[in-house]
Every structure is written in C-alpha cells, then in structure tokens.
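Please open the structure in your viewer and keep the selection panel at hand. The tour proceeds stop by stop, naming what to select and what is found there.

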Amino acid sequence: MIIHPTENTPGINKLSHIAFIMDGNGRWATRRGMPREYGHTIGAKVFRRVAEYCFRGGIDIVTVYAFSTENWSRPKREVDAIMNVFGSYLKMGLTDMAKDDICVRFLGEKTPFAPETRELMERLETESLGNRYKLNIAVNYGGRAEIVNAVNRLIASGAREVSEESLSSAIYTAGQPDPDLIVRCGGEVRLSNFLMWQSVYSELYFTDTLWPDLTDNEIDKAVENYYHRKRRFGKV
Ligand code: IPE
Ligand code: IPE
Ligand code: MG
C-alpha cells in the first residue's frame with residue numbers, strides 16, 4: 001500500500017483529498033446476468049473498503065459520488081433498491097463509523113429522503129463530528145444545485161452579492177480543501193455534475209474498471225500517476 005506523504009515532499013504532489021465517481025455498478029451486474037440492483041449492493045461494500053484503504057494510506061478526506069440529482073429519473077425499482085442499500089448502510093454506519101474515527105458529511109439536500117432516513121443521516125453526521133478522517137458522501141448531489149443552494153442561502157442570510165470566498169463557505173464542502181484527485185470508474189470521460197465548483201484545479205483520472213471491480217492496486221496506480229502530474233494552477 002502506498003503511504004501518502006502528509007508533509008510536502010519535493011517532487012511529489014501532496015494528496016489530502018481524493019474523490020471517486022463510483023460508476024459502473026449496473027453494467028457490472030448485467031455482465032453477470034444479474035439485475036442492476038445487485039451491482040449497487042456490491043458497490044456499497046466496495047465503497048466501504050476503498051474509503052478505509054485511503055484513510056489507512058494517510059489521506060485525510062475521501063469524497064464519493066453515490067447518487068446524483070439526475071439519478072432520481074431512473075426506474076422506480078432501481079431508485080428504491082439504491083435507497084434500500086443506502087438505508088441499511090446508514091444503520092450499520094451509525095455503530096461503525098465513530099469507532100473507526102471517521103467523520104461523515106452528506107453532500108446534497110436531505111429533503112427528498114424519507115423522514116427516517118433523514119434522521120439517520122443527521123444523527124450520523126452529529127455523532128461522528130470531530131472524528132479524524134473526513135468522509136463525504138454525495139447523495140442527491142448535483143454540482144449546479146449545490147451552487148444555486150449556496151447562493152440562495154447567502155441571499156437568505158442578507159447578502160446582496162457573493163464572492164468566491166463567501167460561496168466557498170456556503171457549499172457542502174465548506175471548510176475543506178478542494179479535491180486534489182478525482183477518480184472516475186466505469187469508462188465514461190465526464191464529471192456528470194460532480195463537484196463543479198471544487199474541481200476547477202483537480203487532477204482527473206479515468207479508468208475503464210467498473211466500480212465493483214476497483215482494487216487497492218488500481219487505487220495505487222491512480223495515486224502514483226497523480227503524484228507525478230505537473231500541477232501549475234495557472235502559473236509557469
Ligand atoms: C453508479 O453506477 C451508481 C449510481 C449512479 C447510483 P451505475 O448505476 O450508473 O452503473 P452503470 O453506469 O449503469 O453501469
Ligand atoms: C454518475 O454516474 C453519478 C454517480 C456515480 C453517482 P451516472 O451513471 O449517473 O452518470 P452518467 O449518466 O453516465 O453521466
Ligand atoms: Mg452510470
């Protein structure tokens with residue numbers, strides 16, 4: 001396992017925040033002759049393993065894209081299945097997370113979720129607050145919705161105009177550094193409304209590997225590739 005340098009190491013990019021677009025669950029299941037829903041069950045297990053692997057490797061913040069604002073338009077049967085997987089994960093997570101020193105934050109508005117689910121989400125956030133490792137789970141997440149909501153929140157608090165600083169403090173990831181590296185599984189080369197504001201200078205890594213097939217080895221490969229990128233941030 002790669003141990004990520006926490007201090008600035010000359011010649012190697014610091015990696016404090018990694019994000020994953022967990023794509024490919026449906027195709028993974030279809031290829032096995034199984035219903036797409038099965039892919040989401042396995043995908044949730046992989047999510048858990050990947051987050052733990054990254055934290056053990058010394059990465060402080062892990063963000064995962066689990067469900068987009070557009071994913072509600074899928075067939076009801078699939079949406080229900082995803083919500084069931086999410087619900088059971090929440091129940092398990094409540095007891096597990098604190099012990100693993102993980103602080104969970106949900107990125108996305110909670111209003112569309114069932115009251116019981118919302119309560120579990122809020123409890124998990126409150127009970128894990130202050131834990132060392134930051135795990136952001138983007139559910140009902142859209143990058144555009146995030147920006148619009150942030151602007152509306154600022155207006156509601158009396159602001160007449162916004163700045164990059166005020167907007168950064170009103171988005172879901174407020175207080176956290178932007179992702180250094182975004183890894184997308186599943187072969188598509190796009191962001192699909194993920195972290196529009198935060199990703200401006202993120203390094204992007206795309207792999208054909210479907211999310212349920214993502215191995216620790218492949219994560220190391222992405223990270224190794226990232227280490228040696230030339231990050232210029234517009235400078236020379
Ligand atoms: C990602 O996998 C999980 C969600 C979007 C909820 P998909 O369900 O998009 O899987 P594919 O891309 O159809 O294979
Ligand atoms: C992106 O995957 C969203 C998540 C992984 C949660 P999609 O499968 O929804 O993206 P598109 O439709 O291929 O762009
Ligand atoms: Mg997909």
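Select F206 and display its side chain: at 32% relative accessibility, F206 counts as partly exposed, a class that lies between buried (under 20% relative accessible area) and exposed (over 50%), with a 1.4 Å probe and protein chains only. This is a predicted model, in which local features need pLDDT of at least 70 and side-chain atom pairs count only at pLDDT 80 or more, while totals for chains, interfaces and linings use all residues. Residues are numbered from 1 along each chain as its sequence is written, chains are lettered from A and ligands numbered from 1 in the order in which they are written, and side-chain values use heavy atoms, with hydrogens and water left out.

**Stop one: strand β6**

F206 belongs to strand β6. Strands here are DSSP runs of E with at least two residues, helices are runs of H or I with at least four, and both are numbered from the N terminus. Now select residues 203-206, the whole of β6. Which side chains point to one face, and which to the other? E203 and Y205 point to one face and are buried, whereas L204 and F206 point to the other and are not.

Next, add V189 to L204 and F206: these residues make a nonpolar surface patch of about 250 Å². Patches consist of residues with over 30% relative accessible area and no salt bridge; like charges are joined within 9 Å, and nonpolar side chains (Val, Leu, Ile, Met, Phe, Trp, Tyr) within 5 Å. The accessible areas come from the Shrake-Rupley method with a 1.4 Å probe, and for residues only the protein chains shown count as cover.

Then select residues 181-184, which form strand β5 and pair with β6 in the parallel sense over four bridges. Two strands pair if DSSP finds at least two bridges between them. Opposite L204 of β6 stands I182. In the loop between β5 and β6, select N193. N193 has a positive phi of about 70° although it is not a glycine, and its relative accessible area of 16% makes it buried.

**Stop two: E218 in helix α7**

Select residues 216-227, helix α7, and pick out E218 within this helix. What is the nearest side chain of opposite charge to E218, and how far away is it? It is K221, 4.3 Å away, and E218 is buried yet has no salt bridge. For this count, Lys and Arg are positive and Asp and Glu negative, with His and the chain ends not counted. A salt bridge requires a side-chain nitrogen of Lys or Arg within 4 Å of a carboxyl oxygen of Asp or Glu.

Display T207 and T209 as well. The side chain of E218 makes a polar contact of 2.9 Å with that of T207 and another, of 2.8 Å, with that of T209. A polar contact is a pair of N or O atoms within 3.5 Å; within protein, one must be able to donate a hydrogen and the other to accept it, and residues adjacent in sequence count only if both atoms are side-chain atoms.

**Stop three: salt bridges**

Side chains of opposite charge can pair when their charged atoms come close. The structure holds 20 salt bridges. Select R36 and E78, whose closest N and O atoms are 2.8 Å apart. This pair links distant parts of the chain, with R36 in helix α2 (residues 36-56) and E78 in helix α3 (residues 76-96), 42 residues apart. R36 is partly exposed at 32%, while E78 is buried at 4%. E78 also meets R74 in a salt bridge of 2.8 Å, N to O.

Within α2, select E52 and R48, which form a salt bridge of 3.1 Å. Being four residues apart, E52 and R48 are separated by about one helical turn. Finally, select D23, R27, R184, E188 and R190 together: they are linked in a network of salt bridges.

**Stop four: strand β2 and its partners**

Select residues 61-68. Seven of the eight residues of this strand, β2, are buried, so β2 is largely enclosed by the rest of the structure. Strand β1 (residues 17-21) pairs with β2 in the parallel sense over five bridges, and β4 pairs with β2, also in the parallel sense, over seven. Select T63: it is the bridge partner of A19, and it stands opposite N136 in β4.
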